[in-house]
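Reader: I am new to reading protein models and would like a close look at one part, taken slowly. Could you walk me through the open sheet and the aromatic rings that go with it?

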Amino acid sequence: MRRIFLPWATSAVFLLGHLMASEETELRETLQLQIINFNFETVKVTWNASEYPGTNLTFLQKLSSNEAYRPCSKYTLQQGYTAGCLLEVEKDEVLYFSIRNGTHPLLSKSLWISSYLKPRSLSDLSFQWHQGAVTVTCSDLWYKGLVYEIQHKSTFDAEWQSKEAKTCNVTLDSLDAEKCYFFRARVKTLESSYGSDTYPSDWSEVIRQQRGKLTDLCQEKSLFPNFILIAGMVTFLIASLLLLPLWKLRRVKKVLMPSVPDPRFTFSGLFESHQGNFQEWIKDTQNVAHVNKMEDGEWESIPEEAVVVQLAEMPKTAVTSPVYRQTAEEEATGEPGQLPRQLPQGGEVVSLGDVTFVMSDNSYVMF
């Protein structure tokens with residue numbers, strides 16, 4: 001029997017194969033996978049079920065090329081539909097799997113599960129303090145190609161500080177045992193051993209250590225009272241420096257411009273009834289007495305129970321005797337008092353209590 005070669009039939013077969021390959025590539029791009037190998041104990045394969053809403057995809061797998069595919073025994077669901085599969089493993093093996101929509105295969109693949117390794121987190125950290133350093137140890141995982149990372153920070157640090165080693169025996173230097181420190185650890189894989197698609201382990205539980213002991217609450221030496229004391233002292237010093245010039249300025253002003261007593265409070269009625277006319281006020285004032293001039297030149301005032309106003313005619317010549325009379329205390333101590341005041345020439349002398357006036361025709365002077 002002779003075969004007949006038809007050129008158009010060859011073109012149709014080629015086109016059909018190209019379409020099937022394109023469809024498979026599109027399906028692989030649409031069906032996104034995430035594979036995680038949890039410490040060589042469980043492998044989790046998940047896909048984006050949102051691309052196939054309302055569809056239960058089937059996951060078939062085997063761990064040897066000589067075996068037949070077996071359906072997944074433990075699916076993970078999303079909104080009631082299959083979205084992944086959990087597989088139990090014991091060591092690093094090649095996983096063969098196929099994802100199908102009914103009988104139509106969407107994706108078939110084989111891979112080493114170690115390429116997606118995520119080590120388990122560390123939970124048995126031990127601490128040994130010695131001379132400003134601490135050594136953190138834990139049990140190494142049974143497989144190699146790992147890096148153990150220890151992080152720490154004090155209550156005064158904003159960021160974690162890291163140190164790595166190929167075994168879980170890491171020494172952290174330059175620590176103060178009196179401070180409270182936080183520690184945590186995790187395991188990472190070496191890219192040279194497992195590739196770039198692996199995952200670091202979860203961080204261990206944060207452990208607090210102070211003075212070489214575990215603690216639930218950090219009790220740092222509070223700097224707040226010292227800060228309050230220093231701030232208060234600085235504030236007081238600044239306030240003193242600011243008020244001192246004002247106080248000195250007030251004293252200088254008091255010396256240069258002394259306050260003059262207001263006569264309205266000493267001489268009742270002088271301004272209320274007589275508008276400051278002292279002569280009219282004198283005429284209305286009772287208990288008026290003249291000042292007698294003594295032989296030694298001093299003026300003698302007559303004491304009265306009430307307010308005494310004394311009038312006297314001033315001599316036209318200068319008064320040589322001082323009005324100032326030395327007190328008994330000044331005589332006892334020998335210290336000079338104030339300088340004696342000289343009465344002005346001419347006019348009448350009026351003594352009212354402890355205040356002395358010299359009156360002229362159009363003015364008066366108070367001493």
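Author: What follows takes the sheet first and then turns to the aromatic pairs.

This is a predicted model, and in it five strands form an open sheet in the order 5-6-2-1-9, with mixed pairing. Strand 5 (75–78) and strand 9 (117–118) stand at the edges, and because each has a single partner strand, one side of each is left without a neighbour in the sheet. Further inside that order, strand 1 (residues 33–38) and strand 2 (residues 42–47) pair in the antiparallel sense over six bridges, and one place to find this pairing is Phe38, whose bridge partner in strand 2 is Thr42.

Turning to the rings, the count of aromatic pairs comes to nine. One of them joins Trp47 and Phe59, whose ring centres are 6.1 Å apart with the planes at 15°, and because planes under 30 degrees apart count as stacked, this pair is stacked. Since Trp47 lies in strand 2 and Phe59 in strand 3 (residues 58–62), the pair ties together parts that are 12 residues apart in sequence. Trp47 counts as buried at 5% relative accessibility, and Phe59 counts as buried at 0%.

Another pair, Phe127 with Phe183, is tilted, with 4.9 Å from centre to centre and 55° between the planes. This pair links distant parts of the chain, for Phe127 is in strand 10 (residues 126–129) and Phe183 is in strand 15 (residues 180–189), 56 residues apart. Phe127 and Phe183 also belong to one aromatic cluster together with Trp129 and Tyr181.

Terms used:
Residues are numbered from 1 along each chain as its sequence is written. This is a predicted model: local features need pLDDT of at least 70, side-chain atom pairs count only at pLDDT 80 or more; totals for chains, interfaces and linings use all residues. Side-chain values use heavy atoms; hydrogens and water are left out. Two strands pair if DSSP finds at least two bridges between them. Helices (H or I, at least four residues) and strands (E, at least two) are DSSP runs, numbered from the N terminus. Rings of Phe, Tyr and Trp (its six-membered ring) pair if their centres lie within 6.5 Å; planes under 30 degrees apart count as stacked, over 60 as edge-to-face and the rest as tilted. Buried means under 20% relative accessible area, exposed over 50%, partly exposed in between (1.4 Å probe, protein chains only).
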